[in-house]
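Look over the sequence and the model shown here. This report walks through strands, cores and ring pairs in turn.

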Amino acid sequence: MKQPLLIIIVFLFCFSSYSQQDNNYFSLEADYFYGNIYQHNQDISRLITGHPTGLILGFNKKSFGFKEWERQYNSPDWGFSFIYQDMKEPILGENYALYGHFNFYFIKRHLMLTVGTGLAYNTNPYNSENNFEGNAYGSSILSSTFFRFNYIKNNIWKGVGFHAGIMFVHYSNGNYKAPNTSTNTIALNAGLSYQLDYQDLPEYNTNRDGLDYSERIKYNFVFRSGLNESDVIGLGKHPFYTISAFAGKRLNYKSTLQVGTDVFISYFLKDYIQYRSIVYPEDNLTGDEDYKRVGVFIGHELRFHKLAIVTQMGYYVYWPYEYETRFYHRIGVKRYFYQDKIFAAVTIKSHYAQAEAFEFGIGIRL
């Protein structure tokens, strides 16, 4: 990325003539960042050789409390972000990522928390011939999540504002293809924003409807699936199936509590057990050990109208083969349909910092 200033100018020019209609208000952002790769795993220590730099471009749809969900969250923005990151290590290459994001505001809208999730493209993933040291990324396509916490000052001069703060960026392929050590970047960022139609912005509406959004206990059934593989390079991808049942109690507009159980049928683990039984006879494995697991979990949903952010913490009560740890967690996004009775979800299941699988699920809520 040799000409970041040119990219910023082109980005601002492309959207500067966007017309505002039907109570739609938009803003643009451009940031530069500089930071460090956090050593969360000893296996990537040799790859941390420089200070990553990059560029963030953001397109935001502003909200002013016209809808109830906007008032519940202090009129956040939602939009899209693009991140370019030079990892400052040739083995790691460069990342180009596209996200959907929310901006949440605090303390008279002078502090802003951005949460974004999306997909990234890496220019130099692991290759047994040309990049056998690149164990951070096993594939070119990665999932990515970023958090940014900024002090902001909008509309300092003719719609132009300034912001600065700290950010975190995570890249991983969710064990879709080994290796998958992943990377986490912690960086300082600073940039400019531009508010379109800055002279004609409405007042924020903070009057909530006062309705009771609590509900009786609902029973949920979910089927999740996908492909993944173990950390052993070359064993190949295998399908997995997860069947979940849980009870959920919606407390208010924002929060739903959950408790339930998962049944995991992971064929990568079956293959991995057989591999260990042959290569590591000291493990005293027969190769026929049960690869299925059963867990119990507690969880929480943070609702945004038809969308929800899901977080769950689980513990394997049936764990015949000791793979990773007995504790697992799940985080992801959920979308409700048909009077909130049907939902689809995309989640990632992990053991602490080690991702096991990207899960694509569909469920029913009764």
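At 16% relative accessibility, Phe 59 is classed as buried, because the cut-off for buried is under 20%. Keep in mind that this is a predicted model.

**A stacked pair**

Phe 59 has a ring partner, Phe 26, and the two form a stacked aromatic pair. Their ring centres are 5.2 Å apart, with 10 degrees between the planes. Phe 26 sits in strand β1, while Phe 59 sits in strand β2 (residues 53-62). They are 33 residues apart, so the pair links distant parts of the chain. Phe 26 is buried too, with a relative accessible area of 6%.

**The barrel**

How many strands does the closed barrel have? There are eight, running β1-β2-β3-β4-β5-β6-β7-β8 with antiparallel pairing. From one strand to the next, the twist averages 25 degrees. Strands of a sheet pair through backbone hydrogen bonds, and the pairing is either parallel or antiparallel. β1 pairs with strand β8 (residues 183-195) in the antiparallel sense, over 11 bridges. Along β8, Ala 190 stands opposite Tyr 32.

**Two nonpolar cores**

The largest nonpolar core has 20 residues. Ile 83, Leu 92, Tyr 99, Tyr 137, Met 167 and Tyr 171 touch the most other members. Four elements give two or more residues to this core: β1 (25-37), β4 (94-106), β6 (141-157) and β7 (160-172). Which of them gives the most? β7 does, with three residues.

Now zoom in on Tyr 171. Not counting residues up to four places away in sequence, Tyr 171 touches a long list that includes Ile 83, Tyr 99 and Tyr 137. Others on that list include Gln 85, Asn 95, Ser 182 and Thr 183.

A second, separate core has 10 residues. Among them are Phe 246, Phe 264, Phe 297 and Tyr 328.

**An edge-to-face pair**

Two members of the second core, Phe 246 and Phe 297, form an aromatic pair. This pair is edge-to-face. The centres lie 5.9 Å apart, with 65 degrees between the planes. Phe 246 belongs to strand β10 (residues 238-250) and Phe 297 to strand β12 (residues 293-304), so the pair ties together parts that are 51 residues apart in sequence. Both rings belong to buried residues: Phe 246 has a relative accessible area of 6%, and Phe 297 has 3%.

**More rings, and charges over rings**

Across the whole structure, a search finds 30 aromatic pairs. One aromatic cluster is formed by Phe 268, Tyr 272, Tyr 275, Tyr 280, Tyr 321 and Tyr 323. Some rings also have a charged end sitting over them, as the table shows.

| Charged residue | Ring | Distance to ring centre |
|---|---|---|
| Arg 250 | Tyr 253 | 5.6 Å |
| Lys 292 | Tyr 291 | 4.9 Å |

**A closer view of Ala 308**

Ala 308 lies in strand β13 (residues 307-318). Is Ala 308 buried or exposed? Its relative accessible area is 1%, so Ala 308 is buried. Leaving aside neighbours within four places in sequence, Ala 308 is in contact with Glu 301, Leu 302 and Arg 303. Ala 308 also contacts Gly 332, Val 333, Lys 334 and Tyr 336. Ile 331 is 23 residues from Ala 308 along the chain, and their C-alpha atoms are separated by 11 Å.

Technical notes
Residues numbered from 1 in each chain as written. Predicted model: local features only at pLDDT ≥ 70, side-chain atom pairs only at ≥ 80, totals over all residues. Heavy atoms only, no water. Core = buried A, V, L, I, M, F, W, Y, C linked by side-chain atoms within 4.5 Å. Buried < 20%, exposed > 50% of the residue type's maximum accessible area, 1.4 Å probe, protein only. Contact = heavy atoms within 4.5 Å. Phe/Tyr/Trp six-rings, centres within 6.5 Å; stacked < 30°, edge-to-face > 60°. Lys NZ or Arg CZ within 6 Å of the ring centre and 35° of its normal. Pairing = 2+ DSSP bridges. Axes fitted to C-alpha atoms, helices over the stretch in contact; angles between N-to-C directions.
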